Amino acid sequence: MRWNLPNSRVPEAWFNVVPHLPAPLEPPLHPGTREPVGPDDLAPLFPMALIAQEVSADPWIDVPGAVLDVLKLWRPTPLVRASRLEEALGTPARIYYKDESVSPAGSHKPNTAVPQAFFNKLEGVERLTTETGAGQWGSALCFATALFGQECKVYMVRASYNQKPYRRVMMETWGGSVVPSPVDDPEHPGSLGTAISDAVRDAATREDTHYSLGSVLNHVLLHQTVIGLEAKEQLAMAGEERPDIVIGCCGGGSNLGGIALPFVPDPEVELLAVEPASCPTLTEGRYEYDFGDTAGMTPLLSMYTLGHDFIPPSIHAGGLRYHGDAPIICNLVKHGRMRATAYPQGKVFEAAVQFARSQGTIPAPETSHAIRAVIDEALAAKEDGRPKVILFNYSGHGLLDLSAYDDHLHGRLIDA
Ligand SMILES: *Cc1c(COP(=O)(O)O)cnc(C)c1O
């Protein structure tokens, strides 16, 4: 029921989906001039190696040895067949998941935190800034910078900073320093958009500092493709020719891209993005150029967006709250290569509990969006009597999100 690959099978090159997209990507625009941004515009924030990856059309990009050495602390991750969930559902579908919760930070995010810290180190950058919501990305980057001996300053959405201390403690354990955002307005609950503004401002105004983003950008999705590449090999070990459908939850699009992008060239494989009904970027957003942050300091990206000042309703507990999405994911959805769906949080937590009571592990609320869609696909396969092969990304564990489970179990979670 589990397929493990040896350490030596961590992919040695990342898969670049750009040559396989249904339409060319539209370039990011400079926030002032609205002209396409060049490498020089990005150089104050990112190392040249990552800027090159951001615009690369090469089909494969080598993973440096020093990055492989760190990834091997937990990769390859297991491919697991959720046979007890299949049994509980009485479905003929075969459900497989890639278990990204086994990383040190407990999610897929270190897959990009490690190369981002490394390429900065290579250019002599000893200090990074970033934003974090509940702390998943901040903890991944603090883990990575600790291993390369760099400083990390994390701007954390104030509401989470006040309510969710444990991820802050993880970040501090790895040597990071964490402050609530927005820094200049102690009454404001903050959002990912305000935290990005704070982190970008810090990096742009200091010579010794670069900025690091945990999702959305092309190079982030590129780094995450180790997930799908390993999954392909493991599915073959399990005797499957291909998945009929690949499912991932979508906040900024990185874990979804990581598992789905290597399957884009195969037209037989259906791709599905799952998002919260209270932050419905792909299903209800407008497709247009918008800023990545609230203050309008980042380049404009061509994407589905709810508007850069969007803040999800305060009752929303399940993460995935970014106003935009990765331009690569938006391109696939816009041109019909990927489908998107949205669920209210009550149905998401019901799926999470059903998973925990059959498979045992407690998924992150974000991951549970994917699980909701997996269960619905498996039930549809039962109706059709079709042994569909479903692959999904188990993007992280929920052991630091138990207050949201508590609210669900005791009737305090409401749907907007
Ligand atoms: C951050 C996070 C997500 C959402 O981010 P994406 O970039 O859309 O992947 C999903 N699941 C977990 C566990 C996360 O930590």
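## I247 and the nonpolar core

In this predicted model, I247 is in contact with L272, V274, A370, A373, V374, I390 and F392, when its neighbours within four places in sequence are left aside. I247 also belongs to the largest nonpolar core, which has 116 residues. The residues with the most contacts inside that core are I247, A273, V274, I329, V374 and I390. Helix α16, residues 365–384, provides the largest share of this core, namely seven residues.

## The seven-stranded sheet

An open sheet is formed by seven strands in the order β1-β4-β5-β15-β10-β11-β14, and its pairing is mixed. Its edge strands are β1 (2–3) and β14 (339–343), each of which pairs on one side only. Strands of a sheet pair through backbone hydrogen bonds, in either a parallel or an antiparallel sense.

Strand β10 covers residues 245–249 and strand β15 covers residues 389–394; the two pair in the parallel sense over three bridges. One residue pair in this region is I245 with its bridge partner I390 in β15. I390 is also among the residues with the most contacts inside the largest nonpolar core, and I390 is one of the contacts of I247.

## Surroundings of the ligand

The ligand is surrounded by 19 residues, and the closest of them are S215, G251, S254, E366 and G396. By class, this shell consists of six nonpolar, eleven polar and two charged residues.

Three helices, α6 (136–147), α12 (254–260) and α16, each supply at least two residues of the shell. The largest share, three residues, comes from α12. Helix α16 therefore has two roles in this description, since it contributes to the ligand shell and gives the largest share of the main nonpolar core.

Notes
Residues are numbered from 1 along each chain as its sequence is written. This is a predicted model: local features need pLDDT of at least 70, side-chain atom pairs count only at pLDDT 80 or more; totals for chains, interfaces and linings use all residues. A nonpolar core is a set of buried Ala, Val, Leu, Ile, Met, Phe, Trp, Tyr and Cys residues joined through C-beta atoms within 7 Å. A residue is buried if 20 or more other C-beta atoms lie within 10 Å of its own, exposed if 12 or fewer, and partly exposed in between; C-beta atoms are placed from the backbone. Helices (H or I, at least four residues) and strands (E, at least two) are DSSP runs, numbered from the N terminus. Two residues are in contact if their C-beta atoms, placed from the backbone, lie within 7 Å. A residue is near a molecule or strand if its C-beta atom, placed from the backbone, lies within 6 Å of it. Ala, Val, Leu, Ile, Met, Phe, Trp, Tyr, Cys and Pro count as nonpolar, Asp, Glu, Lys and Arg as charged, and the others, Gly among them, as polar. Two strands pair if DSSP finds at least two bridges between them.
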